[in-house]
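These are my notebook entries on one molecular structure. I set down in turn what I looked up and what I found.

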Amino acid sequence: MRIDLHTHSVASDGTDTPAALVRAAAAAGLDVVAITDHDTASGWGEAEEAAQSVGIELVRGMEISTRHEGVGVHLLAYLPDPGHPALDEALSKILAGRNSRVPAMLERLRGLGVAIEASDVRRVAPGTAATGRPHVADALVDLGVVADRTEAFRRFLNPGRPAYVDRYAASLLETMDVVAQAGGVCVIAHPWGRHGPHEPDEATLAELTEAGLAGIEVDHQDHDAHDRERLRAIAGNLGLLVTGSSDYHGTGKRDHDLGCNTTAPEQYARLLDLASAAAQRSGRAVPGVVRP
Ligand SMILES: [Zn+2]
Ligand SMILES: [Zn+2]
């Protein structure tokens, strides 16, 4: 049984429609796939229909952008009720924060005497649902203000530089609480993916486990063999479940092919047990797994 618990569609920053993603998962020989777009459940309906038609098991989830002790943490929430008011509100705040960041940066740039408009950013980012700093950097290159992205970040867009605008980030602990209220299960995505020297460390993960964390994504392309071994040991010590997944983005991210990492069937079974316990505690009508 091949199980991939973390993938993206065009509902966030992937390049496949939800239906195409599910069909690609079936074609890749997966038995179970989770759709986990950033901060949204908007791809779930289409993915469900496709899963029923191609006969693959579908887990509905989302990857929520949070922050803990100054470090960005991506939280995978599996099978929550997306209509829960607190969850809906948390997701809306994150999306609003993302959408207001670029206008705020452009405002700062204009204050610095750079003639840049939203249309300049759109021109270099056709078809993107949510523009961000890289697109602003590309627009600055396009306008001839800087030579390349690196210079754009160094002069204007990095933290501490004059056009930098901090992004709203939800608190990890509050978000975990909201996901639990909505009957979902929390797993930290690529815990040592981008933030280098091993933050969150074991002590932090122990605190998070106390706060209701169910698991960590150990097998991920951002983790080398050594980190995977250490994370697996930490999961063992703390009783966390271990997942593995591709973090597939279609053609939006190289080296993240569907099924390149997978979750062991017994870990998946544990996840589903925890999900039904969470659902029961919450009293919410959560989405079940879509079974072929
Ligand atoms: Zn992520
Ligand atoms: Zn992801």
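The entries below deal with the metal sites, a pocket and one loop residue.

**Entry 1. The model.** I note at the outset that this is a predicted model.

**Entry 2. Zinc ion (ligand 1).** I first asked which residues are the protein donors of the zinc ion (ligand 1). I found Glu-63 (OE), His-74 (ND1) and His-190 (NE2), lying 2.1 Å from the ion. Along the chain, I read their spacing as E-x10-H-x115-H. Two of these donors come from distant parts of the chain: Glu-63 belongs to strand β3 (residues 57-68), while His-190 sits in the loop between β6 (185-188) and α8 (202-210), 127 residues apart. I checked the accessibility of this pair and recorded both Glu-63 and His-190 as buried.

**Entry 3. Zinc ion (ligand 2).** I then looked up the other site. The zinc ion (ligand 2) has His-6 (NE2), His-8 (NE2), Glu-63 (OE) and Asp-247 (OD) as its protein donors, at 2.0 to 2.2 Å. Their spacing along the chain is H-x1-H-x54-E-x183-D. Here too I noted a pair that links distant parts of the chain, with Glu-63 in strand β3 and Asp-247 in the loop between β8 (241-244) and α10, 184 residues apart. Asp-247 is buried, as is Glu-63.

Why is the arrangement of the four donor atoms around the zinc ion (ligand 2) irregular? I found that the angles they subtend run from 79 to 169°, and the arrangement is irregular because of these angles. For reference, four tetrahedral donors would ideally give 109.5 degrees.

**Entry 4. The bridge.** I had now met Glu-63 as a donor to the zinc ion (ligand 1) and as a donor to the zinc ion (ligand 2). Glu-63 bridges these two ions, which lie 3.5 Å apart.

**Entry 5. The second largest pocket.** I recorded a volume of about 210 Å³ for the second largest pocket. Its lining includes Met-176, Asp-177, Cys-186, Leu-274 and Arg-281. I asked which elements each supply at least two residues of this lining, and found α7 (172-181), β6 and α10 (265-282). By class, I listed eight nonpolar, two polar and two charged residues in the lining.

**Entry 6. Ala-169.** I located Ala-169 in the loop between α6 (149-157) and β5 (170-171). Is this residue buried or exposed? Ala-169 is partly exposed, because its relative accessible area is 28%. I also looked up its separation from Gly-97: the two are 72 residues apart in sequence, and their C-alpha atoms are 7.9 Å apart in space.

How values were computed. Residues numbered from 1 in each chain as written. Chains lettered and ligands numbered in written order. Predicted model: local features only at pLDDT ≥ 70, side-chain atom pairs only at ≥ 80, totals over all residues. Heavy atoms only, no water. Donors = N, O, S within 2.8 Å, 3.2 Å for Na, K, Ca; no water. Helix = DSSP H or I, 4+ residues; strand = E, 2+ residues; numbered from the N terminus. Buried < 20%, exposed > 50% of the residue type's maximum accessible area, 1.4 Å probe, protein only. 1 Å grid on protein atoms, 1.4 Å probe; cavity = no way out; pocket = protein on both sides within 12 Å on 5 of 7 lines; lining within 4 Å. Points joined across faces, edges and corners; volume = space filled by probe spheres on them. Nonpolar A, V, L, I, M, F, W, Y, C, P; charged D, E, K, R; others polar. Tetrahedral: all angles 85-135°; square planar, octahedral: opposite > 155°, others 65-115°.
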